[in-house]
Amino acid sequence: MQQSPVQSIKGTRDFYPELFQTREWLVSKIKKVSEAFGYQPYEGPYLEKLELYAAKSGDELVKEQAFCFEDRGGEFISLRPELTPTLARMVAQKQRQLAFPLRWYQFGPFWRYERPQRGRSREFFQWNIDLLGVNSAAADAEMICICAAFFESVGLTPDTTKIQINHRGLMDGELNRIGIVPEQKKDVFRLIDRRGKMNEAAWCKYAVDLGLATAQIEGIADLLMNSDLWKSSDDLARINEAVKAAGYEAYVEFTPTIIRGLDYYTGTVFEAMDIRGGRALLGGGHYDNLVGDVGGEQLPGVGFAMGDVMISVVLEDYGLLPDYEGLSDTVMVTIFDETTQTASLALASMLRSQGIKASLYPETEKLVKQFKYADRMGMAVALVLGPDEIANNTIAVKDLRSRNQVEVPAAKIIETVNKFLA
RNA sequence: GUGGCUGUAGCUCAAUGGCAGAGCACUGCACUGUGGAUGCAGUUGUUGUGGGUUCAAGUCCCAUCAGCCACCCCA
């Protein structure tokens, strides 16, 4: 195979028109759902100082998984790996001027230096949506309804897609009851997170390795088996009611093993799963204080993020992605020969001035070639303006799908084309 | 960071260690004013890259790069 002189960067994707249409379709669904709930679009910079992320995680994670570089002034800059710190900064900077509850959403690119595999790339897009400034179960429920409304709008049904919900506060209390001390909490949350990902023996060994007593391990295991546990949480009970009232209860499943890795979640946490494939589609939760680290005043909120890669994989697996439409809304204005070229050019220009998308063949070529091109581009209508038509002051309009062709007076062309495109 | 699989024409893929092929696509013609079908003809290669074994390597061995998949991780 002939090697391209320059290879694309590992983990990036080339969006050829067909694939780009899929992305645009996804964006349109996201936009529609977000705005249906009264959320405003916003965007932050793609570059941030590395310290913005280091402040929060401080981990090796930032250094290992961030795409970072030193700029000419010696500053360490990172391509953003997530949006939350940026959002926190943007909100803290204008906290007094913003109107709360604040409802913002965003869709844009992010970068993480990971090993690419199915459903994961190094450059990806993410839908981020947050509701800030309120501390209520109703806010959490709204966020879950947004997830469900999105799944519904793309054709993912409750048969295959579930939003699994749990509550950090609830779990915290339960762990206290079985004698887990605060210093163990982080490890135990991690243990809970692994419950579904390991077999029983491996999970128990992991638990023992963490230094937990047998009684504690059994207590945790019992907790995770208790599918009614959520009923003892006021927040979860209220969320359940709200989701039911909105008609989305079929999507929701209260699941004790959902805990999320992020430290800043304090209340409700949730993940949406493709049940059949066992694939996580999005994740989010409730936090008490988004802007604390960046100098703002106490600000609670709830939000989630969804990557474009896995959702696209799942939608494709279920055959839910739209067919490629090409230029179906564009009219091909053919050029008969050099003597009629200006007439075709004028026609195309006139169509455009009336809001009709018109494509001219960029050189004089045989009609066969121009029709073939129109066909390849997926156009639905072609116009022919040859010597005969010009002599009669008419234009031939051909419907490329039905193969019907009519010759209409030039004055009626707009009306006819609009009818053919409809 | 660890492991597995795969790299052959534009695409999808064949080829027991023995002349590198097929289908699709593309170009032309049948069809000098009209696309999807059909027929005929034609074009298409540093077999990812670099070494090695062999009379002979797409095929076997080593290395390397890339892609996919699973782990790890997932802000």
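1. Contact is taken here to mean heavy atoms within 4.5 Å. With that in mind, Q184 of chain A, in what is a predicted model, touches G179, G211, L212 and Q216, once residues up to four places away in sequence are left out of the count.

2. As for its setting, Q184 sits in the loop that runs between helix 6 (168-177) and helix 7 (185-194). Q184 has a relative accessible area of 18%, and because buried means under 20%, this loop residue counts as buried.

3. Turning to the chain as a whole, the secondary structure of chain A consists of 15 helices and 16 strands, and 44% of its 422 residues count as buried. Of the contacts between residues at least 6 apart in sequence, 67% join residues at least 24 apart.

4. On overall dimensions, the radius of gyration of chain A is 28 Å, whereas a compact globule of 422 residues would have a value near 22 Å. The C-alpha trace spans about 95 × 55 × 55 Å along its principal axes.

5. The domain assignment should be read alongside those dimensions: domain 1 is made up of 17-44 + 90-317, and domain 2 covers 330-421. The centres of domain 1 and domain 2, taken over C-alpha atoms, are separated by 52 Å.

6. Finally, on the surface and the charges, chain A has an accessible surface of about 22,100 Å², and carbon and sulfur atoms account for 50% of that area. Chain A carries 47 positive and 58 negative charges, and the mean positions of the two sets are 2 Å apart.

Notes
Residues are numbered from 1 along each chain as its sequence is written. Chains are lettered from A and ligands numbered from 1 in the order in which they are written. This is a predicted model: local features need pLDDT of at least 70, side-chain atom pairs count only at pLDDT 80 or more; totals for chains, interfaces and linings use all residues. Side-chain values use heavy atoms; hydrogens and water are left out. Helices (H or I, at least four residues) and strands (E, at least two) are DSSP runs, numbered from the N terminus. The radius of gyration is taken over C-alpha atoms; the globule rule is 2.2 Å times the number of residues to the power 0.38. Buried means under 20% relative accessible area, exposed over 50%, partly exposed in between (1.4 Å probe, protein chains only). Accessible areas come from the Shrake-Rupley method with a 1.4 Å probe; for residues, only the protein chains shown count as cover. Lys and Arg count as positive and Asp and Glu as negative; His and the chain ends are not counted. The place of a charge is taken as NZ of Lys, CZ of Arg, CG of Asp or CD of Glu. Domain bounds come from an automatic or database domain assignment.
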